[in-house]
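Subject: Structure handover

Hello,

Here is the structure for you to look over. My notes follow below it.

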Amino acid sequence: MMGKMETAVVLRCTRDALATETLGALLGARLRAGDVVALSGEFGAGKTCFVRGLASGLGFATDEVRSPTFVLHHVYRASRLTLHHIDCYRLGDGADIEFLDLDELVAGAAVAVEWSDHVDLCAWHPVKVRIGIAKDNWRFVQLDVGVATHLLGVWDEIP
Ligand SMILES: Nc1ncnc2c1ncn2[C@@H]1O[C@H](COP(=O)(O)OP(=O)(O)OP(=O)(O)O)[C@@H](O)[C@H]1O
Ligand SMILES: [Mg+2]
């Protein structure tokens, strides 16, 4: 039977920060406990902006969502689901994520990790979000839901 093709990897372009936040919100609305969102992209790409969207999609007041670069870890307790926001920038490349006790965190919550390429998250089968900077404030936002099939089609309504 021919069904609708759902692909794990999708790409969208955003013209401003709000559009990037909207992509995050659509994903956030569908997150479940155990989901790990691994973000990558250069300085100022929009990783924190995207996480603000994740939190808003969960129903969290987004003005509290800031880059946790200096504290490493923020917790947003939305009513449906808690989101842990981690930034690995200060850990440097090849850092050990053991100390974060990610197993404990993902047991009852979702986790978003900025500068995720500094750590090895393979064991948690992360959803990958890669943001690239284009000209005139545009961003390429690539999503790979991997094995998280409940997130397939999450941006279908966005052209
Ligand atoms: N299309 C866009 N999407 C996202 N952010 C955009 C866009 N256009 C402009 N911006 C601006 O780019 C900046 C993105 O900052 P943000 O803190 O989200 O980046 P970051 O990837 O988390 O950086 P860092 O690596 O320092 O943590 C914001 O100032 C935002 O307003
Ligand atoms: Mg950031």
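Please keep in mind that this is a predicted model.

I start with α2, residues 47–57. This helix is mostly covered, with eleven of its eleven residues buried. Its buried residues run from charged to small: among them are Lys47, Arg52, Phe50, Leu54 and Gly57. They pack against six elements: α1, β2, β3, β4, β5 and β6. The helix itself lies across β2, β3, β4, β5 and β6. Against β5 the angle is about 170°. After α2 comes Gly59, with a positive phi near 95°.

**The ligand**

Which residues come nearest to ligand 1? Thr20, Gly46, Lys47, Thr48 and Cys49 do, out of 20 residues around the ligand. Lys47, Thr48 and Cys49 are also on the list of buried α2 residues. Two helices, α1 (17–30) and α2, each give at least two residues to the shell. By type, the shell holds six nonpolar, nine polar and five charged residues.

**Overall layout**

The protein has three helices and seven strands. From the N terminus, the order of elements is β-α-β-α-β-β-α-β-β-β. The radius of gyration is 15 Å, close to the 15 Å that the globule rule gives for 159 residues, so the protein is as compact as a globular protein of that length. Along the principal axes, the C-alpha atoms fill a box of roughly 45 × 40 × 30 Å. Buried residues make up 37% of the 159. Take the contacts between residues at least 6 apart in sequence: 66% of them join residues at least 24 apart.

**The sheet**

The seven strands form an open sheet with mixed pairing. Their order is β1-β7-β6-β2-β5-β4-β3. β1 (9–14) and β3 are the edge strands, and each pairs on one side only. From one strand to the next, the twist averages 15°. α1 lies across β1 and β7 (139–144), and its angle to β1 is about 150°.

Here are the pairings I followed across the sheet:

- β6 and β2 are parallel, with four bridges. Val37 stands opposite Val127 of β6.
- β2 and β5 are parallel, with three bridges. Ala38 has Val113 of β5 as its bridge partner.
- β5 and β4 are parallel, with six bridges. Ile86 is bridged to Val113 in β5, and Thr82 faces Ala109 in β5.
- β4 and β3 are antiparallel, with five bridges. His73 is bridged to Ile86 in β4.

Two residues recur in that list. Val113 is the β5 partner of Ala38 and of Ile86. Ile86 is also the β4 partner of His73. That gives a path you can trace by eye: from Ala38 to Val113, from Val113 to Ile86, and from Ile86 to His73.

β5 deserves a separate look. Is it covered or open on its faces? Both faces are covered. Ala109, Val111 and Val113 are buried on one side. Ala110, Ala112 and Glu114 are buried on the other. In total, six of six residues in β5 are buried. The general pattern behind the two sets is that side chains in a regular strand alternate between the faces of the sheet.

**The β3–β4 hairpin and Leu81**

β3 and β4 are joined by a hairpin through four residues. Leu81 sits in the loop between these strands. Why does Leu81 count as partly exposed? It has 19 C-beta neighbours inside 10 Å, and a buried residue needs 20 or more. So Leu81 falls in the partly exposed class.

What does Leu81 touch, leaving out residues up to four places away in sequence? The contacts are Leu31, Ala33, Leu58, Ala109 and Ala110. Ala109 and Ala110 belong to the two opposite sides of β5 described above. For a distance check, try Leu81 and Val147: they are 66 residues apart along the chain, and their C-alpha atoms are separated by 20 Å.

Best wishes

Terms used
Residues numbered from 1 in each chain as written. Chains lettered and ligands numbered in written order. Predicted model: local features only at pLDDT ≥ 70, side-chain atom pairs only at ≥ 80, totals over all residues. Near = placed C-beta within 6 Å. Nonpolar A, V, L, I, M, F, W, Y, C, P; charged D, E, K, R; others polar. Buried ≥ 20, exposed ≤ 12 C-beta atoms within 10 Å, placed from the backbone. Contact = placed C-beta atoms within 7 Å. Pairing = 2+ DSSP bridges. Axes fitted to C-alpha atoms, helices over the stretch in contact; angles between N-to-C directions. Rg over C-alpha atoms; globule rule 2.2 N^0.38 Å.
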